[in-house]
Amino acid sequence: RLSMRIARPDGTFYVRAKGEEDPEPPKIGDVDVELFGKSAPAAVATFLAFALGDPASAEAPTYASAILDERGASSDGQQLPVVYAARRLRGVETRSIGGEQILVRSRDGGEVLSRNAELVAAKLRGEPSAVNHDAAGILTRQRGDAPQAFGLTVAGSKVLDATNQAFGRVVRDNNNLIEAVGALNAYSLDAVGPSTDVPGAAALYRAQKDAFRGAAKAFGDGRASKIFPGKLLRRVEITRVELL
């Protein structure tokens, strides 16, 4: 069970006083998922090691602080119906080696996973997908992604079958949180640009936005690293994880 919450447009979650107007309150609820351990054992074991904590690594970060913050995109930049979580899990560092995101260690210097869990995670690249990405609510991971990262589909997509490994499915979502996440807007370099009737306007607007982000990074503005193509424009958090 993943306990989740979606913030108001202003990013807050608090309960407003009785009688105070709240036109768009936060959405809070639980999502129950079924894991396909027989079909995708390495993916499920790695997911559980971060969901509940690696029993042999007491300091391992967990999904209890994970953020769902990135809409998936195809190689040509088109948005896909999948939202990824935990790519930037607090306390975890990764490094890209040969196109594969490898766990390095926790930011305080400790090991992220025990040796046995790391050996299991090493099998992720070659493990088959348990099911097709044919519906909303498929628990998935992009091949080559960091071991702790996972995603939830917000609609079916055959495109994901070629790039992702499915290893679970949502079986209960009484508050329609998956649908609500799927309706959230995501940041795009092409969004809210000038009129497309002007020749070259969209390309110019995209270049300007990219340049401003690059300048902000150059001046050490840390906010720039928190805004990237595909980033959800609403805060979505996992607050608790439990095994049913």
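**Figure 1. The salt bridge between Arg16 and Asp22 in the predicted model.** The closest N and O atoms of Arg16 and Asp22 are 3.7 Å apart. Since a salt bridge here requires a side-chain nitrogen of Lys or Arg within 4 Å of a carboxyl oxygen of Asp or Glu, the pair qualifies. Arg16 is partly exposed, with a relative accessibility of 22%. Asp22 is likewise classed as partly exposed, at 23%.

**Figure 2. Arg8, with a salt bridge to Asp22 and a charged end over the ring of Tyr14.** Asp22 also meets the side chain of Arg8 in a salt bridge, with an N to O distance of 2.8 Å. Both Arg8 and Asp22 belong to the loop between β1 and β2 (27-35), so their pairing ties together parts that are 14 residues apart in sequence. Arg8 is buried, with a relative accessible area of 2%, whereas Asp22 is partly exposed. The charged end of Arg8 sits over the ring of Tyr14, at 4.7 Å from the ring centre.

**Figure 3. Arg234 and its surroundings in the loop between α5 (201-218) and β10.** The side chain of Arg234 makes a polar contact of 3.0 Å with the side chain of Glu24. Arg234 has a relative accessible area of 19%; it counts as buried because the limit for that class is under 20%. Beyond the neighbours within four places in sequence, the residues in contact with Arg234 are Ile6, Ala7, Arg8, Pro9, Glu24 and Leu184. Arg8, shown in the preceding view, is thus one of the contacts of Arg234.

**Figure 4. The salt bridge between Arg5 and Glu237.** The closest N and O atoms of the two residues are 2.8 Å apart. Arg5 is in strand β1 (residues 2-6) and Glu237 is in strand β10 (residues 236-241), so this salt bridge ties together parts that are 232 residues apart in sequence. Glu237 is buried, its relative accessible area being 11%, while Arg5 is partly exposed at 25% relative accessibility.

**Figure 5. A network of salt bridges.** Arg1, Asp32, Arg172, Arg240 and Glu242 are linked in this network. The count for salt bridges comes to 14.

**Figure 6. Arg71, a buried residue without a salt bridge.** Arg71 is located in strand β3 (residues 68-73). The nearest side chain of opposite charge is that of Glu70, 11 Å away. Backbone oxygens lie beside the side chain of Arg71: that of Leu80 is 2.8 Å from a polar atom of this side chain, and that of Gly182 is 3.3 Å from a polar atom of the side chain. With neighbours within four places in sequence left aside, Arg71 is in contact with Gln79, Leu80, Pro81, Val82, Val83, Val154, Gly182, Ala186, Gly230 and Leu232. Leu80 and Gly182, which supply the backbone oxygens, are therefore among the contacts of Arg71.

**Figure 7. Aromatic rings: a cluster and the pairing of Arg87 with Tyr84.** Phe47, Phe50, Tyr63, Phe150 and Phe167 form one aromatic cluster. A search of the whole structure finds 5 aromatic pairs. Elsewhere, the charged end of Arg87 sits over the ring of Tyr84, 4.0 Å from the centre of that ring.

**Figure 8. Ala86 and Asn176, two non-glycine residues with positive phi values.** Phi of Ala86 is near 70 degrees. Ala86 is in the loop between β4 (79-85) and β5 (92-97) and is buried, with a relative accessibility of 1%. Phi of Asn176 is near 55 degrees. Asn176 lies in the loop between β9 (164-172) and α4 (177-182); at 42% relative accessibility, Asn176 is partly exposed.

**Figure 9. Overall setting of the close-up views in the predicted model.** The protein has 5 helices and 10 strands. Of its 244 residues, 41% are buried. Among contacts between residues at least 6 apart in sequence, 65% join residues at least 24 apart.

How values were computed:
Residues numbered from 1 in each chain as written. Predicted model: local features only at pLDDT ≥ 70, side-chain atom pairs only at ≥ 80, totals over all residues. Heavy atoms only, no water. Helix = DSSP H or I, 4+ residues; strand = E, 2+ residues; numbered from the N terminus. Buried < 20%, exposed > 50% of the residue type's maximum accessible area, 1.4 Å probe, protein only. Lys, Arg positive; Asp, Glu negative; His and termini not counted. Polar contact = N/O pair within 3.5 Å; in protein donor to acceptor, adjacent residues only side chain to side chain. Contact = heavy atoms within 4.5 Å. Phe/Tyr/Trp six-rings, centres within 6.5 Å; stacked < 30°, edge-to-face > 60°. Lys NZ or Arg CZ within 6 Å of the ring centre and 35° of its normal.
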